[in-house]
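This report walks through one protein chain, from its overall layout to single residues. Please look at the sequence and the structure first.

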Amino acid sequence: MRSIQVNDRAAEDLDLYFEGLRDDQIIYVSPCEGMPLERIMKISGGRRIVLAADLQDPPALPVRART
């Protein structure tokens, strides 16, 4: 398995999914009331995550330079 997608109630357990997967696996996650973008970023550190969001109302993403 290369990736999983979590939405709605499953997204609220992102920390369990994130810790349970290998470093070469990614998670597609939709920010929601129970798992806002800020918490997603805190759990993941911005790694191994693909945000699945409504393009009509995209979340405000922090801009961060990689060195």
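Which pattern of helices and strands does the protein chain follow when read along the sequence? The order is β-α-α-β-α-β, made up of 3 helices and 3 strands.

The model is predicted. Its pLDDT averages 83 over the protein chain, and 79% of the residues score at least 70. Among the elements, helix α1 (residues 8-11) has the lowest confidence, with a mean of 87. Strand β2 (residues 26-29) has the highest, at 94.

**The chain as a whole**

Of the 67 residues in the protein chain, 25% are buried. The accessible surface comes to about 5,000 Å², and carbon and sulfur atoms hold 50% of that area. Among contacts with a separation of 6 or more, 29% join residues that lie 24 or more positions apart.

**The nonpolar core**

The largest nonpolar core has 12 residues: Ile-4, Val-6, Ala-11, Leu-14, Phe-18, Leu-21, Ile-27, Val-29, Met-35, Ile-40, Ile-43 and Ile-49. Strand β1 (3-6), helix α2, strand β2 and helix α3 (37-44) each give two or more residues to this core. As a general point, nonpolar side chains in soluble globular proteins tend to be buried together.

Leu-14, a member of this core, is found in helix α2. Is Leu-14 buried or exposed? Leu-14 counts as buried because its relative accessible area is 0%, where the cut-off for buried is under 20%. Beyond its neighbours within four places in sequence, Leu-14 is in contact with Val-6, Ile-27, Met-35, Ile-40, Ile-43 and Ile-49. One of these partners, Met-35, is 21 residues away from Leu-14 in sequence, with the two C-alpha atoms 8.0 Å apart.

Val-6 is another core residue. With neighbours up to four places away left aside, Val-6 is in contact with Ala-11, Leu-14, Tyr-17, Ile-27, Tyr-28, Val-29 and Ser-30.

**Tyr-17 and Ser-30**

Two of the contacts of Val-6 can be followed further, namely Tyr-17 and Ser-30. Tyr-17 is found in helix α2 (residues 14-20). Its relative accessible area is 33%, so Tyr-17 is partly exposed. Outside the nearest four places in sequence, Tyr-17 touches Ile-4, Val-6, Ala-10 and Ile-27. Between Tyr-17 and Ile-27 there are 8.1 Å from C-alpha to C-alpha, at 10 residues apart in sequence.

Ser-30 sits in the loop between β2 and α3. Ser-30 counts as buried because its relative accessibility is 18%. Apart from residues up to four places away in sequence, Ser-30 touches Val-6, Asn-7, Ala-11 and Ala-52. The C-alpha atoms of Ser-30 and Ala-10 are separated by 9.8 Å, and the two residues are 20 apart along the chain.

The C-alpha separations mentioned so far are set out below.

| Residue pair | Apart in sequence | C-alpha to C-alpha distance |
|---|---|---|
| Tyr-17 and Ile-27 | 10 residues | 8.1 Å |
| Leu-14 and Met-35 | 21 residues | 8.0 Å |
| Ser-30 and Ala-10 | 20 residues | 9.8 Å |

**Positive phi angles and rings**

Most residues other than glycine have a negative phi. Asp-8, which is not a glycine, has a positive phi of about 50 degrees. Asp-8 lies in helix α1. With a relative accessible area of 57%, Asp-8 is exposed.

Arg-48 also has a positive phi without being glycine, with a value near 60 degrees. Where is Arg-48 placed? Arg-48 belongs to the loop between α3 and β3 (49-51). Its relative accessible area is 16%, so Arg-48 is buried. Arg-48 lies over the face of Phe-18, at 4.2 Å from the ring centre, and Phe-18 is itself part of the nonpolar core.

How many aromatic pairs does the structure hold? The number is 0.

How values were computed: Residues are numbered from 1 along each chain as its sequence is written. This is a predicted model: local features need pLDDT of at least 70, side-chain atom pairs count only at pLDDT 80 or more; totals for chains, interfaces and linings use all residues. Side-chain values use heavy atoms; hydrogens and water are left out. Helices (H or I, at least four residues) and strands (E, at least two) are DSSP runs, numbered from the N terminus. Buried means under 20% relative accessible area, exposed over 50%, partly exposed in between (1.4 Å probe, protein chains only). Contact means heavy atoms within 4.5 Å. Accessible areas come from the Shrake-Rupley method with a 1.4 Å probe; for residues, only the protein chains shown count as cover. pLDDT is the predictor's confidence in each residue, from 0 to 100. A nonpolar core is a set of buried Ala, Val, Leu, Ile, Met, Phe, Trp, Tyr and Cys residues joined through side-chain atoms within 4.5 Å. Rings of Phe, Tyr and Trp (its six-membered ring) pair if their centres lie within 6.5 Å; planes under 30 degrees apart count as stacked, over 60 as edge-to-face and the rest as tilted. A charge sits over a ring if NZ of Lys or CZ of Arg is within 6 Å of the ring centre and within 35 degrees of the ring normal.
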